[in-house]
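Work through the following exercises on a ligand site and a pocket with the structure open. Each task is followed by a stepwise solution.

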Amino acid sequence: MRKYVIMGVQGSGKGTQSVLLASDLDLVHIAVGDIFRWNVQNHTKIGAQVRRTMAAGELVSDDLVEGVVGDRLSQHDWNYGFIIDGFPRNERQAEFFLESYDIDGVIHLELPDSEIRRRVMARRLCEGCGMDYNLIDNSPRADGTCDACGGKLVQREDDTEEALAVRLREYHTKTNPVLDIFRRKEYVVSIDARPDKDQVQQAIRSALRLPPYCG
Ligand code: AMP
């Protein structure tokens, strides 16, 4: 059983890299932002609570996040392990997490802020199935349409210059201390996220001493 955390600013490729790793190793990919987006789209009570906060690029309250993560992990559908993406994002969440789970590694994707801005503005999401695209190097076959389900591609509500600036500030002030906690426990592998996605995945595999990525 393997348990990983993946960290990195928005647009650093956490989702893409998590999916590549999870599908090969049979891990469950838990993306906390996706859980919240699903709730917003489906007009649940949680969705109503987080919608504005998310759209502004701010962090949702710790109690709410910890409840959602605790519920998701308590489903125990992760026989071979999990990779969690988007959590923990501050010191309190890190402590909550470390109290309940031992982890095998923290993947830290590193990307300069200027590159993040370029990637985030090019990001598109399928309204139907949630598949991620990037107009720089992962465009859909037909403009504005999801390859997988034919759904409409839209920009995330929080992928605006204003919300991105807030998210980057949040990340640097709140999430960097989380990395320090994990670094002290020697869990962290830092990976340069600028190369293409296959190269980044390969670098993750080598750093974690996992079998090579075959594409
Ligand atoms: P993401 O898709 O990871 O960029 O998350 C989208 C949004 O969901 C964030 O900007 C936050 O508003 C919220 N969110 C996701 N994960 C967390 C977390 N661990 N703590 C607080 N808010 C979160």
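**Exercise 1.** Find the polar contacts that the side chains of Arg37 and Arg89 and the backbone of Val60 make with the ligand in this predicted model.

Solution.
- Step 1. Start from Arg37: an N or O atom of its side chain is 2.9 Å from an oxygen atom of the ligand.
- Step 2. Turn to Arg89, where a polar side-chain atom lies 3.0 Å from a ligand oxygen atom.
- Step 3. Take the backbone next: a polar backbone atom of Val60 is 3.0 Å from a nitrogen atom of the ligand.
- Step 4. Add the area: the ligand taken alone exposes 480 Å², and the protein buries 97% of that.

**Exercise 2.** Describe the shell of residues around the ligand.

Solution.
- Step 1. Count the residues that surround the ligand: there are 16, and the closest are Arg37, Glu58, Gly86, Arg89 and Gln93.
- Step 2. Sort the shell by type, which gives 7 nonpolar, 4 polar and 5 charged residues.
- Step 3. Assign residues to elements: α2 gives the most to the shell, with 4 residues.

**Exercise 3.** Determine which elements and residue types line the second largest pocket.

Solution.
- Step 1. The volume of the second largest pocket is about 510 Å³.
- Step 2. Its lining holds 20 residues, with Arg37, Trp38, Gln41, Leu125 and Arg156 nearest the centre.
- Step 3. Two or more lining residues come from each of α2 (32-41), α3 (45-55) and β5 (123-126); the largest share, 5 residues, is from α2.
- Step 4. By type, the lining divides into 8 nonpolar, 5 polar and 7 charged residues.
- Step 5. Compare the lists: Arg37 is among the residues closest to the ligand and among those nearest the centre of the second largest pocket.

Technical notes. Residues numbered from 1 in each chain as written. Predicted model: local features only at pLDDT ≥ 70, side-chain atom pairs only at ≥ 80, totals over all residues. Heavy atoms only, no water. 1 Å grid on protein atoms, 1.4 Å probe; cavity = no way out; pocket = protein on both sides within 12 Å on 5 of 7 lines; lining within 4 Å. Points joined across faces, edges and corners; volume = space filled by probe spheres on them. Nonpolar A, V, L, I, M, F, W, Y, C, P; charged D, E, K, R; others polar. Near = heavy atom within 4 Å. Polar contact = N/O pair within 3.5 Å; in protein donor to acceptor, adjacent residues only side chain to side chain. Areas by Shrake-Rupley, 256 points an atom, 1.4 Å probe, with all protein chains shown as cover.
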